[in-house]
Amino acid sequence: MEEYYNHYSMNIRWSDEDEAYIVTVPELPGCITHGETLEEAIHQGQDAIDSWIDAGLAWGRSIPKPRVLRRRNRDLASKAS
């Protein structure tokens with residue numbers, strides 16, 4: 001598997017309704033999971049990414065590359081401090 005497959009973004013939010021952390025991966029449509037703790041959510045998120053990619057490759061679909069934080073964003077962050 002390509003090395004860059006380890007660099008996807010995860011959005012993690014607490015859900016009072018589900019009493020769990022909900023994880024979505026913006027670059028991979030429909031890639032969503034959850035965890036009762038933050039650590040479990042991160043682990044489940046990586047598992048979901050791996051499964052999404054494995055399924056996509058098995059079905060012959062193209063896999064979106066991870067989004068990359070641009071240098072300009074880092075420059076803006078350093079000016080803010």
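**Exercise 1. Overall make-up**

What percentage of the 81 residues of the protein count as buried? State also how many helices and strands the protein has, and how the elements run from the N terminus on.

Solution. The model is a predicted one. Step 1: 23% of the 81 residues count as buried. Step 2: the protein has three strands and two helices. Step 3: from the N terminus on, the order of the elements is β-β-β-α-α.

**Exercise 2. The aromatic pair**

Find the aromatic pair of the structure, and decide whether tryptophan 14 and tyrosine 21 are stacked or edge-to-face.

Solution. Step 1: there is one aromatic pair in the structure. Step 2: the pair consists of tryptophan 14 and tyrosine 21, with ring centres 4.9 Å apart. Centres must lie within 6.5 Å for rings to pair, and 4.9 Å meets this cut-off. Step 3: the ring planes stand at 70 degrees. Angles over 60 degrees count as edge-to-face, so the pair of tryptophan 14 and tyrosine 21 is edge-to-face.

**Exercise 3. Exposure of the two rings' residues**

Assign tryptophan 14 and tyrosine 21 to a class: buried, partly exposed or exposed.

Solution. Step 1: buried means under 20% relative accessible area, and exposed means over 50%. Step 2: tryptophan 14 has 43% relative accessibility, so this residue counts as partly exposed. Step 3: tyrosine 21 has 24%, and therefore also counts as partly exposed.

**Exercise 4. The loop between β1 and β2**

Describe the charge patch that includes Glu17 and Glu19, then give the place and exposure of glutamate 17 and of glutamate 19.

Solution. Step 1: a patch of negative charge on the surface is formed by Asp16, Glu17, Asp18 and Glu19. Step 2: glutamate 17 sits in the loop between β1 (11-15) and β2 (20-24). Its relative accessibility is 76%, so glutamate 17 counts as exposed. Step 3: glutamate 19 is found in the loop between β1 and β2. With 60% relative accessibility, glutamate 19 counts as exposed. Step 4: the phi angle of glutamate 19 is near 50 degrees, which is a positive value in a residue other than glycine.

**Exercise 5. Buried residues and contacts across the sequence**

For glycine 45, isoleucine 53 and glutamate 27, give the place in the chain, the relative accessibility and the C-alpha distance to a residue elsewhere in the sequence.

Solution. Step 1: glycine 45 belongs to helix α1 (residues 38-58), and its 0% relative accessibility makes it count as buried. Its C-alpha lies 9.1 Å from that of isoleucine 22, although 23 residues separate the two in sequence.

Step 2: isoleucine 53 is in helix α1. Isoleucine 53 is buried, at 0% relative accessible area. Cysteine 31 is 22 residues from isoleucine 53 in sequence, and 9.8 Å from it in space, C-alpha to C-alpha.

Step 3: glutamate 27 lies in the loop between β2 and β3 (32-35). At a relative accessible area of 8%, glutamate 27 is buried. The C-alpha atoms of glutamate 27 and lysine 65 are 7.5 Å apart, with the two positions 38 residues apart along the chain.

Technical notes
Residues are numbered from 1 along each chain as its sequence is written. This is a predicted model: local features need pLDDT of at least 70, side-chain atom pairs count only at pLDDT 80 or more; totals for chains, interfaces and linings use all residues. Side-chain values use heavy atoms; hydrogens and water are left out. Rings of Phe, Tyr and Trp (its six-membered ring) pair if their centres lie within 6.5 Å; planes under 30 degrees apart count as stacked, over 60 as edge-to-face and the rest as tilted. Buried means under 20% relative accessible area, exposed over 50%, partly exposed in between (1.4 Å probe, protein chains only). Patches are made of residues with over 30% relative accessible area and no salt bridge: like charges are joined within 9 Å, nonpolar side chains (Val, Leu, Ile, Met, Phe, Trp, Tyr) within 5 Å. Accessible areas come from the Shrake-Rupley method with a 1.4 Å probe; for residues, only the protein chains shown count as cover. A salt bridge is a side-chain nitrogen of Lys or Arg within 4 Å of a carboxyl oxygen of Asp or Glu. Lys and Arg count as positive and Asp and Glu as negative; His and the chain ends are not counted. The place of a charge is taken as NZ of Lys, CZ of Arg, CG of Asp or CD of Glu. Helices (H or I, at least four residues) and strands (E, at least two) are DSSP runs, numbered from the N terminus.
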